[in-house]
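Student: I would like to go through the labels attached to this model and ask what stands behind each one. Where shall we begin?

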Amino acid sequence: MDKKTFRENAHKAVDWVADYLENIEQFPVKSQVAPREIFDQIPDSPPNNQEEFDAFLEDLDEKIMPGITHWQHPNFHAYFPGNSSYPSILGEIITSGIAAQCMIWETSPAAAELEEKMMEWLKELMDLPANWHGVIQDTASTATLAAILSAREKVSNQEINRLGFRSQQLRVYCSSETHSSIDKAVKIAGIGSENLIKIDVNERMAMEPESLKAAILKDIANGRTPCCVVATLGTTSTLAFDPLDEISRICEELGVWLHVDAAYAGSAFILPEYRHLKPGLERANSYVFNPHKWLMVNFDCSAYFVKDKTALLNTFSILPEYLKTQTHGNINNYRDWGIPLGRRFRALKLWFVLRSYGSEGLKSLLRKHCELGKWLETQIDDHPNFELITPAAMNVVVFRWRQDDKSTDQLNIINSDILHTVNASGKAFLSHTKVKGKYAMRLVAGQTNVQLTHIQKVWKLIKETAQNVKI
Ligand SMILES: *Cc1c(COP(=O)(O)O)cnc(C)c1O
């Protein structure tokens with residue numbers, strides 16, 4: 001492809017994206033293909049000769065798009081959203097055009113300095129502690145692993161990095177509702193899954209601080225070393241908020257690293273009305289939330305903050321000869337702030353989004369999403385055969401069909417059937433969770449362009465489907 005054809009094809013590609021987004025509601029939200037259906041349509045060997053871009057686009061429409069689940073469809077209500085927006089897409093296009101590898105300051109000073117400034121902007125927007133230092137990671141999973149590794153090195157005085165594990169038995173604590181990325185992180189960090197202690201939750205699925213304290217004290221009495229507590233603001237299953245104020249006081253008193261995972265709900269701290277969930281955060285050692293979930297920034301963009309920059313740098317810095325530079329001064333080499341050496345220029349799309357919406361634009365969009373959650377909560381509350389499994393929080397609604405003459409097991413089957421029938425219709429995509437043995441449908445009203453009409457549509461579909469599902 002030469003420069004002239006690149007320019008022509010680039011226009012076609014942008015038109016393709018614009019058309020796709022304008023017509024997205026014509027696709028089934030959840031891909032309806034069977035396993036291997038896509039794989040079998042792609043030739044077994046790569047081509048010997050050059051092919052033209054028009055042929056790629058044709059195959060994209062015919063062979064690939066049927067196998068895409070449309071995350072930007074407004075009736076995508078599953079998991080948590082992975083939002084995008086026009087300014088963010090433009091940022092991604094330009095980032096891929098610049099194609100800089102932003103491992104250290106010298107490999108693109110603008111990338112390092114814009115990233116530092118964007119993290120300052122997020123702190124101001126969300127009223128986060130002014131003394132924190134921020135860095136963009138690819139995902140919350142990576143950020144949480146970085147936190148646990150930093151806690152490990154802090155508690156062992158950098159010994160495990162140097163000597164490996166010897167006789168220490170480190171312990172990490174989280175609630176039974178915590179995201180699976182914490183289970184993964186303790187395995188990778190060499191701490192071991194049996195040293196991850198899952199603390200009980202209360203009826204709203206939030207961590208019991210007294211049980212946390214008792215577990216830590218018991219471990220200390222038994223010669224084990226508490227390493228890190230992971231508290232969640234907005235659990236994945238039911239958007240529960242661990243009581244951070246109490247947890248952070250326990251961590252401070254007992255000298256344990258506190259990492260706070262607010263991967264999804266953290267974006268809501270741009271809204272003052274949700275900041276009452278935040279007290280205690282100023283005592284945390286590290287914090288992560290994902291602008292790539294609910295702040296209209298394309299995946300990947302995870303904002304990670306630490307109080308003690310040295311603890312992070314002590315864990316990750318490396319300085320081989322070929323990376324030594326002449327630069328002195330107040331600069332950040334983000335290679336030393338996380339796991340990968342190579343880094344994408346992710347600050348650009350975040351900058352574009354924050355400027356394009358402005359803080360007021362983002363606030364009103366998030367408020368609208370929360371109002372949609374409230375609307376659905378009211379409908380479910382008023383319906384004789386549906387019930388909320390937990391009170392709705394922000395824009396996450398967890399609910400089920402209920403019928404007094406059915407057992408829990410029967411209701412679990414009915415609700416699973418309703419969910420799968422709704423998803424198979426292609427008209428909406430919800431996911432599920434299980435809360436204390438009860439199978440529940442889980443709807444998030446958080447795609448960038450979701451409107452009341454979309455929520456009304458899916459609610460009608462759920463009600464009709466429930467009437468038709470029989471066991
Ligand atoms: C989504 C989520 C994660 C994982 O996020 P990734 O960026 O995909 O790694 C972690 N914790 C919580 C609470 C989440 O909702």
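Tutor: With the ligand. A residue counts as near a molecule if one of its heavy atoms lies within 4 Å of that molecule. Keep in mind that this is a predicted model.

Student: Which residues are the closest to the ligand, and how many surround the ligand?

Tutor: The ligand is surrounded by 13 residues, and Ala 140, Ser 141, Asp 261, Asn 290 and Lys 293 are the closest. By class, this shell has three nonpolar, eight polar and two charged residues.

Student: What makes the approach of Asp 261 to the ligand a polar contact?

Tutor: The cut-off is 3.5 Å between a pair of N or O atoms. A ligand nitrogen lies 2.6 Å from an N or O atom in the side chain of Asp 261, so the pair qualifies as a polar contact. Ala 140 offers a polar backbone atom, 2.8 Å from an oxygen atom of the ligand. For Thr 236 the partner is again in the side chain: an N or O atom there is 3.2 Å from a ligand oxygen.

Student: How much of the ligand does the protein bury?

Tutor: The protein buries 88% of the 380 Å² that the ligand exposes when taken alone. Helix H5 (140-155) and helix H10 (291-294) are the elements that give two or more residues to the shell around the ligand.

Student: Why is one space called a cavity and another a pocket?

Tutor: A cavity is a set of points where a 1.4 Å probe fits but cannot get out, whereas a pocket is an open set. The structure holds one cavity of 30 Å³ or more. The largest cavity has about 40 Å³ of space, and the largest pocket has about 380 Å³.

Student: Which residues line the largest cavity?

Tutor: Among them are Cys 102, Trp 105, Glu 115, Tyr 334 and Arg 343. The lining divides into six nonpolar, two polar and two charged residues.

Student: Why does Tyr 334 go with the nonpolar group?

Tutor: Tyr is on the list of residue types that count as nonpolar, so Tyr 334 is placed there. Glu and Arg count as charged.

Student: What lines the largest pocket?

Tutor: Its lining has 18 residues, with Tyr 20, Gln 72, Ser 84, Ile 89 and Asn 298 nearest the centre of the pocket. Helix H1 (3-22) and helix H3 (86-98) each supply at least two of the lining residues. H1 gives the most, with four residues. The classes are ten nonpolar, seven polar and one charged.

Student: Is Ser 31 buried or exposed, and how do you know?

Tutor: Buried means under 20% relative accessible area. Ser 31 has 15%, so Ser 31 is buried. Ser 31 sits in the loop between H1 and helix H2 (53-64), and its side chain reaches the backbone oxygen of Pro 66 at 2.8 Å.

Student: What of Thr 315, in helix H11 (309-316)?

Tutor: Its relative accessibility is 10%, so Thr 315 counts as buried too. A polar atom of the Thr 315 side chain lies 2.7 Å from the backbone oxygen of Ala 311.

Student: What makes Ala 99 and Leu 239 stand out in the backbone?

Tutor: Neither is a glycine, yet phi is positive in both: about 45° at Ala 99 and about 55° at Leu 239. Ala 99 is in the loop between H3 and helix H4 (109-126), and Leu 239 is in the loop between strand S4 (225-232) and helix H9 (244-254).

Student: Why do the two carry opposite labels for burial?

Tutor: Exposed means over 50%. Ala 99 has a relative accessible area of 57%, so Ala 99 is exposed. Leu 239 has 0%, so Leu 239 is buried.

Student: Which peptide bond is cis?

Tutor: The bond from Phe 299 to Asp 300, where omega is near 10°. Asp 300 lies in the loop between H10 and strand S7 (302-306).

Student: What can be said of Phe 345?

Tutor: Phe 345 is in the loop between H11 and helix H12 (347-382). With a relative accessible area of 11%, Phe 345 is buried. Its C-alpha atom is 6.2 Å from that of Cys 102, although the two residues are 243 apart along the chain. Cys 102 is also one of the residues lining the largest cavity.

Technical notes: Residues numbered from 1 in each chain as written. Predicted model: local features only at pLDDT ≥ 70, side-chain atom pairs only at ≥ 80, totals over all residues. Heavy atoms only, no water. 1 Å grid on protein atoms, 1.4 Å probe; cavity = no way out; pocket = protein on both sides within 12 Å on 5 of 7 lines; lining within 4 Å. Points joined across faces, edges and corners; volume = space filled by probe spheres on them. Polar contact = N/O pair within 3.5 Å; in protein donor to acceptor, adjacent residues only side chain to side chain. Areas by Shrake-Rupley, 256 points an atom, 1.4 Å probe, with all protein chains shown as cover. Buried < 20%, exposed > 50% of the residue type's maximum accessible area, 1.4 Å probe, protein only.
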